[in-house]
Amino acid sequence: MMTRRRQTKEEEPATAGSTTPATTNASPEKPRGPQYSMRNNNHNTGSLRVVVIGVVLFGIFLYGMTRIVPAEVEKLLGISSRTHGQMVQRAPKRKTKMACVDKAQKAVVRAFKERDYKVYYLKGYNWQPLERCYTNKTLSSMFVWTKHKPPKDYWEMAQPWQRHSWIPYQNVMSSKSKFLSSLRAYQKKSGRKMDFIPESFMLPNDRGALLERFNSSLNEPWVTKLSATDNGIGIAMLGPDSSELHTLASILRQKKVSSKTYMGRIREEIVFTQKGDTRSQETIEKARERSRKLNDPIIVQRYICHELSYLGRKFDLRIYYLVASAKPLVVLYHDGYLRVSPHKYDDKVFESTGKHLTNLGRHNATEKNTVGFDDWEVQLKLHVEENKDGDEFSAAIRADPLDHIRKQIMSALANVVAANRDKGFHGHGSYTKMENGFALMAGDFIVDRKLNVWMTEAQSSPGLGHETAMKRKMNDRLLPSTVDIIGEVNEKQMAGHPITPIKNPGDFRLIYTDDYHYRYDFEREQQRGPC
């Protein structure tokens, strides 16, 4: 019977790939038979060397493949993308860190300088300096940050190791119709409720469903939105039983009329003729012409009643999320701020659309209409205290109402990313030579008095101005951490190290990766009936 000898502490197992056998305390067995000779010993050693060289070469081949075609190799080997670097070409070594930044993005410039980057200025739609950032050996920068998406012919000049603040197809996030379509498709595919979106209909596709809804009642408030406009342009309030709501229902009920015809009527008779519109005629005409050319879809969305107010005024939340890496996908959440209307809030008065909008494009930013979460949290706790004798809020919500709201938003944004990942977060290596990219995006949310959160739209390129002290304070927390994170991601990818966990996230919180999806199980009911 054979017995296995117990390894002593002095013994070391043979190292993988080593030609040195494990050392033992036993005497080596003497060779037997005529076959043993120095020639045979050299032959055995040579064979072992061939095997070792083969293993090393195969390892080098796999390493090269993971640099060249990472997605295919990862799929073959079962490697998680979050633990695998994607760099093919390393950035040139420099004594000084370089960043090319749009000069108008003053808060971004300040953030890069704070992190010891030398900044080369870009100028809005003048793309000539961008070409130098991509191709000039002295100026070529690891990071490029522009307010607007550059033309494709400029992006083709970029180096594989460079990182731009735009992802080629991220604009699908700011199209209201594409945003809504992606969430509907994801809900059908995943079986998860996208109940953080108010009841919505998209014209012309949902004409029949909306008419059926109108036939049951016109005693509810609605909002119309043009799909391809922002800054509060193309939005109109339709009060319960109002003439505007009856006009919309009448237009939709007309038979044997093309969609182009009735969509044009909705724009002209409702969207661009709203009462109390304070915008300039030039702004209105530009929006009208753009919408007419695009013939963009029109969203009809249920107005959220019983909204939570801030000191008696309507507000919404501007929240940020950072796509720290598009390939692999890594997304983080960051607190934002309140955009507060200058008007007293009354959800029974719909004569003026402007009074129901909080967009800073419609109201000049002042210290009164930009409020941070620290100040808001005080008001939230007072709101919960007012209901201390009721059962509207659970003990957990009473203990930390802001945390309850934050978790709803994080879960909603994770769903938004999941719904758009195949259409909105790709294009590196095809649309542009850059292997990866990043983007700072935003979402707008409304909170009702029950502390339910409702997402109204996404922003692919949010404004980062610092017109008020609060916004400057916000940017000084948001943007330096953004620079830290994209720098950390880049260093890890060059070294082939895992991207997550992020070592220096600041106030950012992870919500989505290729193998992680933040979820907060909380159900809300869609609002029905008058306010």
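Helices and strands are DSSP runs, numbered from the N terminus, with at least four residues for a helix and at least two for a strand. In this predicted model, such numbering places Pro204 in the loop between β5 (200-203) and α7 (207-216), where the peptide bond from Leu203 to Pro204 is cis. The points below take up the backbone, the empty spaces and the charged side chains in turn.

**Backbone geometry**

- Most residues other than glycine have a negative phi, and most peptide bonds are trans.
- Against that background, the peptide bond that runs from Leu203 to Pro204 is cis, with omega near 15°.
- A cis peptide bond also joins Thr500 to Pro501, here with omega near 5°, and Pro501 lies in the loop that connects α14 with β14 (509-513).
- Asp241 is not a glycine, yet its phi is positive, at about 60°, and this residue is found in the loop between β7 (235-238) and α8 (243-253).

**Pockets and cavities**

- Rolling a probe the size of a water molecule over the atoms shows where empty space is left.
- The second largest pocket holds about 580 Å³ of space, and its lining is made up of 25 residues, of which Lys97, Met142, Asn490, Glu491 and Met494 lie nearest the centre of the pocket.
- Helix α14 (469-495) and strand β1 each contribute at least two residues to the lining of this second largest pocket, and the largest share, eight residues, comes from α14.
- Five cavities of 30 Å³ or more are found when the whole structure is searched.
- The second largest cavity has a volume of about 100 Å³, and the residues that line this cavity include Trp145, Trp166, Gln170, Leu440 and Pro462.
- Also in the lining of the second largest cavity are Gln105, Thr146, Lys147, Ser165, Ser460, Ser461 and Leu464.

**Charged side chains**

- A search of the whole structure finds 25 salt bridges, one of them formed by Arg302 with Glu220, whose closest N and O atoms are 3.0 Å apart.
- This pair links distant parts of the chain, since Arg302 belongs to strand β8 (residues 298-302) while Glu220 sits in the loop between α7 and β6 (222-226), and the two residues are 82 residues apart.
- On the surface, a patch of positive charge is formed where Lys103, Lys106, Lys123 and Arg132 gather.
- Within that patch, Lys103 has its place in the loop between β1 (97-102) and α3 (106-114).

How values were computed:
Residues are numbered from 1 along each chain as its sequence is written. This is a predicted model: local features need pLDDT of at least 70, side-chain atom pairs count only at pLDDT 80 or more; totals for chains, interfaces and linings use all residues. Side-chain values use heavy atoms; hydrogens and water are left out. Patches are made of residues with over 30% relative accessible area and no salt bridge: like charges are joined within 9 Å, nonpolar side chains (Val, Leu, Ile, Met, Phe, Trp, Tyr) within 5 Å. Accessible areas come from the Shrake-Rupley method with a 1.4 Å probe; for residues, only the protein chains shown count as cover. A salt bridge is a side-chain nitrogen of Lys or Arg within 4 Å of a carboxyl oxygen of Asp or Glu. Lys and Arg count as positive and Asp and Glu as negative; His and the chain ends are not counted. The place of a charge is taken as NZ of Lys, CZ of Arg, CG of Asp or CD of Glu. On a 1 Å grid over the protein atoms alone, a cavity is a set of points where a 1.4 Å probe fits but cannot get out, and a pocket is an open set with protein on both sides within 12 Å along at least five of seven lines; lining residues have an atom within 4 Å of a point. Grid points are joined across faces, edges and corners, and a volume is the space filled by probe spheres set on the points.
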